[in-house]
Amino acid sequence: MKIDSTEYRIESAALPAAFDGFTVAHVSDLHNHDFKGELLSRIQKIAPNVIAITGDMIHKEGRTAASVAFAREAVQIAPTYYVSGNHEKVLSCFKDFRQTLIDTGVRVLENEFCLIEREGARLAIAGMNDPVFFPHGKSDFYAELNALKIRTEEAGADYMILLSHRPELFKTYVAVGVDLTLVGHAHGGQVRFPLIGALYAPNQGLFPRLVKGMHQKDGKAMVISRGLGSSSWAPRVLNPPELCIERLRAL
């Protein structure tokens, strides 16, 4: 299935002028799918400043080859950051896969952040483990995310990009004060109908709202990738794989 490339213009008064035009290639829910070079070619043409991978790179035991191959090529294009999704939690091969990503040069973000500096301004690329990795799920996730935001402020970050997996936590991201959150998980609803839209998304149920596109509240934004791979329960219908491109603009 042909890949859609969707570009989002993220405007913010909080973004320093030094980062105007900063571009992210956003990959989510690859599910070890092999696009025969098309995905990497699309990313290379974008010439992003960073590549963000927002979970579920793999979803079946022992099947990691396509995702490892993608990671090896991605780091040659731009600094690449990754956070876990819910599927990685249940796979015994995830420990080895995670280490392979690190050895390849991917920055695996586990409730932590990196700073990028330009002309004295600082942008934080932060990442959270999926809530299933926490003993108390979403309550622990919220507490850790709040602490992470405070740490970015203490480090002098002017703007924060968060890599997470769950779109249904949009209100949490806004409440914590994240400037831009990049997520996946919902697969665009997997099956979509004309006029009706998405059929189902995990953790949202039937006819979900937070499945794709850019959502904004109180000056904060979240972009939901429709993802690239397929879930195990249904094929993609009227819902092509999507590569998201986020371009930051200072107001």
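**Notebook: Thr54, His165 and a few other spots**

Started with Thr54, which is buried, its relative accessible area being 0%. I'm working from a predicted model here. Thr54 belongs to strand E3, residues 50–54. I looked for a polar partner and found the side chain of Ser28, 2.7 Å from the side chain of Thr54. Then I pulled the contacts of Thr54, skipping neighbours within four places in sequence: His26, Val27, Ser28, Val83, Leu163, Ser164, His165, Leu182, Val183 and Gly184.

His165 is on that list, and I went there next. Where does His165 sit? I find His165 in the loop that runs between strand E8 (159–163) and helix H6 (170–176). Buried or exposed? His165 has a relative accessible area of 1%, and the cut-off for buried is under 20%, so I logged His165 as buried.

I listed what His165 touches beyond four places in sequence: Asp29, Thr54, Gly55, Asp56, Ser84, Gly85, Asn86, Asp130, Val183, Gly184 and His185. With His185 there is also a side-chain to side-chain polar contact of 3.1 Å. I checked Asn129 too: 36 residues separate Asn129 from His165 in sequence, yet their C-alphas are 8.1 Å apart.

Next, the aromatics. How many aromatic pairs are there? I get four. For Phe134 and Phe141, the ring centres are 6.1 Å apart and the planes stand at 90 degrees, so I noted the pair as edge-to-face. Phe134 and Phe141 are both buried. Together with Tyr173, Phe134 and Phe141 make up one aromatic cluster.

Moved on to Arg42, which I find in helix H1 (residues 38–46). Which backbone oxygen does its side chain reach? That of Ile3, with a polar atom of the Arg42 side chain 2.7 Å away. Not counting residues up to four places away in sequence, I see Arg42 touching Lys2, Ile3, Asp4, Ser5 and Leu243.

Last, the surface. I picked out a nonpolar patch of about 720 Å², built from Phe193, Leu195, Ile196, Tyr200, Leu206 and Phe207. I looked up Phe193 from this patch and placed it in strand E10 (residues 192–193). Why does Phe193 count as partly exposed? Its relative accessible area is 37%, and partly exposed lies between the 20% and 50% cut-offs, so Phe193 falls in that class. Patch members need over 30%, and Phe193 has 37%.

Terms used:
Residues are numbered from 1 along each chain as its sequence is written. This is a predicted model: local features need pLDDT of at least 70, side-chain atom pairs count only at pLDDT 80 or more; totals for chains, interfaces and linings use all residues. Side-chain values use heavy atoms; hydrogens and water are left out. Patches are made of residues with over 30% relative accessible area and no salt bridge: like charges are joined within 9 Å, nonpolar side chains (Val, Leu, Ile, Met, Phe, Trp, Tyr) within 5 Å. Accessible areas come from the Shrake-Rupley method with a 1.4 Å probe; for residues, only the protein chains shown count as cover. A salt bridge is a side-chain nitrogen of Lys or Arg within 4 Å of a carboxyl oxygen of Asp or Glu. Helices (H or I, at least four residues) and strands (E, at least two) are DSSP runs, numbered from the N terminus. Buried means under 20% relative accessible area, exposed over 50%, partly exposed in between (1.4 Å probe, protein chains only). A polar contact is a pair of N or O atoms within 3.5 Å; within protein, one must be able to donate a hydrogen and the other to accept it, and residues adjacent in sequence count only if both atoms are side-chain atoms. Contact means heavy atoms within 4.5 Å. Rings of Phe, Tyr and Trp (its six-membered ring) pair if their centres lie within 6.5 Å; planes under 30 degrees apart count as stacked, over 60 as edge-to-face and the rest as tilted.
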